[in-house]
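This report concerns aromatic rings and the contacts they make. The structure is shown first, and the discussion follows.

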Amino acid sequence: MASKSATPSARNRTLVVVESPSKAKTINKYLGDGYTVYASIGHIKDLPKKEIGIDFDNHYEPRYEIIAGKEKVVRQLKKLAGEADRVLIATDPDREGEAIAWHISNEVEFASKPIHRVLFNEITKNAIIEAIGRPRQIDYRLVRSQQTRQGLDKIVGYRISPFLWNVVYRGLSAGRVQSVALRLICEREAEIEAFKSQEYWTISGDFITPEKETFRARLVKIGGEKPEITNGEQAEAITESIRKRLFGVGEIIPKVIQRRQPLPFTTSLLQQAASNQLGFGSQKTMRVAQQLYEGIELGPEGATGLITYMRTDSTRISGEAVGQARDYISSQFGPEYIGPGSPSKAGKNSQDAHEAIRPTTVARTPESLRKHLSADQFKLYELIWKRFLASMMAPAKIEQTRVDVEDHEKEFLFRATGNRTIFPGFFRVYDDQQEMDYEAQKSTRDEVEKEQIVKLPEHLALGDTLPLSELERRQSFTRPAARYSEASLVKELDNYGIGRPSTYASIFSTLQERRYVELQKKKIIPTELGRDVSTILVANFPELFNVKFTALMEDELDKVASGDDDYEQVLEAFYRPLETALSLRKADPVIPQNREAATCEKCGKGHMIVKWTTSGKFLGCSCYPQCKNIKSIATTKVKPRETGIACPKCGEGRMLLRNGRLGPFLACSNYPKCNTLLNLNKQRHIEPIKAPPVKTDLGCPKCGSPMYLRSGKRGPWLGCSTFPKCRGRLSWTTIETEVREHWEAVMKEHLAAHPAVTISMIDGTPAPMTMPIEDIIAKAEEAGLISNQSVQETDAEVTA
């Protein structure tokens, strides 16, 4: 086996480079002593962080530099490449992985050893041995495609973001794809606000058969036309008329329909299904899927990859996997349950570079792996396993019967539909009708509603007289388009051809981190800042931040990958028009919020225009600083929300979700008597209350101030007590042993005096610390711990 020491050797061996240590560990056990597996831990080089890094005067060539902190990794790669007989680069099998492979190749090519690329679509012994036997050259077209995407994103970020700083305030940012997603969210919200709800009524009747069975049918026609009942009086008049009629069975129409088996998961479908069925966010789904792909410890078997590569837009399945699935289906359910074969439905924007997401072997059932998996890993693996198996099974056969009930004068027509499963097919494994209806529905505007299916009487014949038992009138109102959820936003972007499997997960999280959107009851709602930013971007750059153009750019990236377009040409066609538009807008930006600005009542010359700060916006005279007239803007302040979490300090208050200058946080309802605050991280999980730091007599190497000693994930660490004025750090390992042992003893006593604080719900159960706060609130509402009403504001203000 390859060496597992801190300083591995590749002498007289093949060096295999992967991205993650966990993947390296899994692969290591499959390869013999002739291999050394080393992890680059992701990218080793990137464009500069503090500048655009593109040479506009030299064919838009990117300028890469080693990422801060990766110098040691690069040195180790060079050392191992110098020792090895050959180098195989097995970074992820996508464009980003190809770019990482290219960077690694450039760093180790000095060793003059054969360098090849290998692709692991799954981390299993057979797949790895097979891939090692089929090395290829690095595909520079894929590298160029990734560089093009990176260049486009950098240009937008470094050219448009400063525009936002000048118009709104410094620190805001724009993104090529994220800003288009924000536009979709804001436009949907505006549509919802403008929607005028209309009243309508439906009428249903309960009918009694000659065998004294009862079934319900819905009124679908009056006088041969679809009923339009707009008020209660009209509904009452119709029901009175119906009660005077005699009804009978007018028509019975049975038909056999097939419910086609679902497609196996693509990245987009997996993220949507995990959101709808498991409540997982896109990032959580991809994080857990990555763990299943890279390998899970399975007892004596060791680390084993359980699913194929999770970033794919293809539904193709390999012949070997199809054969395994058919054998399993035949043995478990019978040969009649075997489906037609490998489904393949590549969309117009599909790269079809990899198989669909599937288990590496269908023989590993979810239940057989339960003891080896975490709860989240089990749920996601079970979803993938069932979906794959269902995609290989036969369609379900359903007898659908429609019964029409008419009065003798054929004025009123009621209809009932019933289903009877003739052959369950794939329903034996995967019977989530709502999810399949959701996927079949192209539009994201409407919530999925189940068809009204009733249990029909067993004995029903044409012409049977059906006495009317009961009539029900139901008032309803038309609803606006549905707000986006994480699942439906991914679906919308996928429908438009915006983004790719590797980008879906980051789009929503980026908007959330920038405080442009919020998640409430699993629905995405734009913040006031998000709406203002979107309005300004669209008004000034309508051609750039629109759906068609962004989808077109995705097509251009695909053409670069296939060799049908050129890196320089794509960037040139994008950059030149952008610079022209930007030069016009810098001097005269369009700010729709100021189109109807009133004249300043103080100076009479300027106009009272909207101005933004990090804590909100206000009206200020355009003649500032000559005129300093300002006015507040009446805005709808976001009220604090109940979370169902008890205050961990005072025990009497409840933790409320509030919004501060730096984002959302939790504060005790007993403020100012209790000033307990809980922070949220980027995933909007509650951060545990940390013990206060220990003040030491060690001096800061930068400013000389005392250093604070803290306990972190990787052990003790020292930081300047004047942070953030001074960001001095002191390496723990450079301190003398006696001094280190002294402060370790002090820290041990300190932590004993400040034990970890348990955060609980108001019913005493532990608060789920790894769940986004919005999901905690939703669960608390479902459990009846809180109502969904916001808390009444008090005079005291809480600041984060």
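## Burial of a tyrosine pair

A residue is classed as buried when its relative accessible area is under 20%. In this predicted model, Tyr293 has a relative accessibility of 0% and therefore counts as buried. Tyr309 is likewise buried, with a relative accessible area of 0%.

## Aromatic pairs

Searching the whole structure yields 17 aromatic pairs. One of them joins Tyr293 and Tyr309 in an edge-to-face arrangement, with 5.3 Å from centre to centre and 65° between the planes. Tyr293 belongs to helix 9 (residues 282-294), whereas Tyr309 sits in the loop between strand 13 (303-304) and helix 10 (319-333); the pair therefore ties together parts that are 16 residues apart in sequence.

A further pair is formed by Phe333 and Tyr337, whose ring centres are 5.9 Å apart. Their planes meet at 45°, so this pair is tilted. The planes of a tilted pair are neither under 30 degrees apart, as in stacking, nor over 60, as in edge-to-face pairs. Both Phe333 and Tyr337 are buried.

## A phenylalanine cluster

Which residues do ring pairs link into a cluster? The cluster consists of Phe207, Phe215, Phe247 and Phe414.

## Charges over ring faces

Two phenylalanine rings are considered here for the charged side chains over their faces. Lys284 lies over the face of Phe280, at 4.3 Å from the ring centre. Arg370 is placed over the face of Phe378, at 3.9 Å from the centre of that ring.

How values were computed. Residues are numbered from 1 along each chain as its sequence is written. This is a predicted model: local features need pLDDT of at least 70, side-chain atom pairs count only at pLDDT 80 or more; totals for chains, interfaces and linings use all residues. Side-chain values use heavy atoms; hydrogens and water are left out. Rings of Phe, Tyr and Trp (its six-membered ring) pair if their centres lie within 6.5 Å; planes under 30 degrees apart count as stacked, over 60 as edge-to-face and the rest as tilted. Helices (H or I, at least four residues) and strands (E, at least two) are DSSP runs, numbered from the N terminus. Buried means under 20% relative accessible area, exposed over 50%, partly exposed in between (1.4 Å probe, protein chains only). A charge sits over a ring if NZ of Lys or CZ of Arg is within 6 Å of the ring centre and within 35 degrees of the ring normal.
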